Amino acid sequence: MTTISCDCGHAKVDVLGKPLLRIICHCTLCQSFYQAPEGDPVIFKASAVKVQNDETVSYRRLRKSPAVDRGVCVKCSQPIVEFFAMPLLPDIVFIPGDRLINHPELLLDPALRIFYDSRTEDANDDLPRHEGYWQSQLALTRRLIPALLR
Ligand SMILES: [Zn+2]
Ligand SMILES: [Zn+2]
């Protein structure tokens, strides 16, 4: 088991399972949540991630479907965990990539860029790029299903 935390150390999250996939998301909601041009979360099964104390995390629901509860530390406001409920799939959790820098065994290389049409700057790599809501959702689901079945 690995325990990750925000920089102030107040919010702690236990990670018990293997990472499934890492994405780079350029959507405007991620830009707002991460306070950055893009989010780069690593995805886990929800059953593999446990917030130690729910009172240390404050959740914002930014959209209804798929339901996403994005959690920040109540003290330092740093993004720490995001819960996704996707139709027909097991619930998944996103952990911001920068929370895993000290845990290289959990920090996969990014596999794709989604919502690339919302980018604030061009990317300088060869990762597959997907634009728009449906193309991005579909690309994510197609990568996620084999990882969930592995
Ligand atoms: Zn996003
Ligand atoms: Zn904190």
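The following exchange goes through a predicted model and the terms applied to it.

Visitor: What makes the arrangement around the zinc ion (ligand 2) tetrahedral?
Guide: The four donor atoms subtend angles of 106 to 114°. Four donors count as tetrahedral if all angles lie between 85 and 135 degrees, so the arrangement is tetrahedral. The ideal angle for four tetrahedral donors is 109.5 degrees.

Visitor: Which residues coordinate the zinc ion (ligand 2), and why do their atoms count as donors?
Guide: The SG atoms of C6, C8, C73 and C76 coordinate the zinc ion (ligand 2), at 2.3 to 2.4 Å. The cut-off for a donor S atom is within 2.8 Å of the metal, so these atoms count as donors.

Visitor: How are the donor residues spaced in sequence, and what parts does the pair C6 and C73 tie together?
Guide: The spacing is C-x1-C-x64-C-x2-C. C6 lies in the loop between β1 (2-5) and β2 (12-15), whereas C73 lies in strand β7 (residues 67-73), so the pair ties together parts that are 67 residues apart in sequence. Both C6 and C73 are buried.

Visitor: Why is the aromatic pair of F84 and F94 called stacked?
Guide: The ring centres of F84 and F94 lie 4.1 Å apart, with 20° between the planes. Centres within 6.5 Å make a pair, and planes under 30 degrees apart count as stacked, so F84 and F94 form a stacked pair. F84 belongs to strand β8 (residues 79-85) and F94 to strand β9 (residues 92-95), so the pair ties together parts that are ten residues apart in sequence.

Visitor: How do you know whether F84 and F94 are buried or exposed?
Guide: Buried means under 20% relative accessible area. F84 has 7%, so F84 is buried, and F94 has 3%, so F94 is buried as well.

Visitor: How many aromatic pairs are there in the whole structure, and which residues form one aromatic cluster?
Guide: A search finds five aromatic pairs. F115, Y133 and W134 form one cluster.

Visitor: What makes the protein as compact as a globular protein of its length?
Guide: Its radius of gyration is 14 Å, close to the 15 Å that the globule rule gives for 150 residues, so the protein is as compact as a globular protein of that length. The C-alpha trace spans about 35 × 35 × 30 Å along its principal axes. Buried residues account for 49% of the 150 residues.

Visitor: Which elements make up the protein, and what pattern do they follow?
Guide: There are two helices and ten strands, in the pattern β-β-β-α-β-β-β-β-β-β-β-α along the sequence.

Key. Residues are numbered from 1 along each chain as its sequence is written. Chains are lettered from A and ligands numbered from 1 in the order in which they are written. This is a predicted model: local features need pLDDT of at least 70, side-chain atom pairs count only at pLDDT 80 or more; totals for chains, interfaces and linings use all residues. Side-chain values use heavy atoms; hydrogens and water are left out. Rings of Phe, Tyr and Trp (its six-membered ring) pair if their centres lie within 6.5 Å; planes under 30 degrees apart count as stacked, over 60 as edge-to-face and the rest as tilted. Helices (H or I, at least four residues) and strands (E, at least two) are DSSP runs, numbered from the N terminus. Buried means under 20% relative accessible area, exposed over 50%, partly exposed in between (1.4 Å probe, protein chains only). Donors are N, O and S atoms within 2.8 Å of the metal (3.2 Å for Na, K and Ca); water is not among the atoms, so sites may look incomplete. Four donors count as tetrahedral if all angles lie between 85 and 135 degrees; four count as square planar and six as octahedral if opposite donors are over 155 degrees apart and all others between 65 and 115; anything else is irregular. The radius of gyration is taken over C-alpha atoms; the globule rule is 2.2 Å times the number of residues to the power 0.38.
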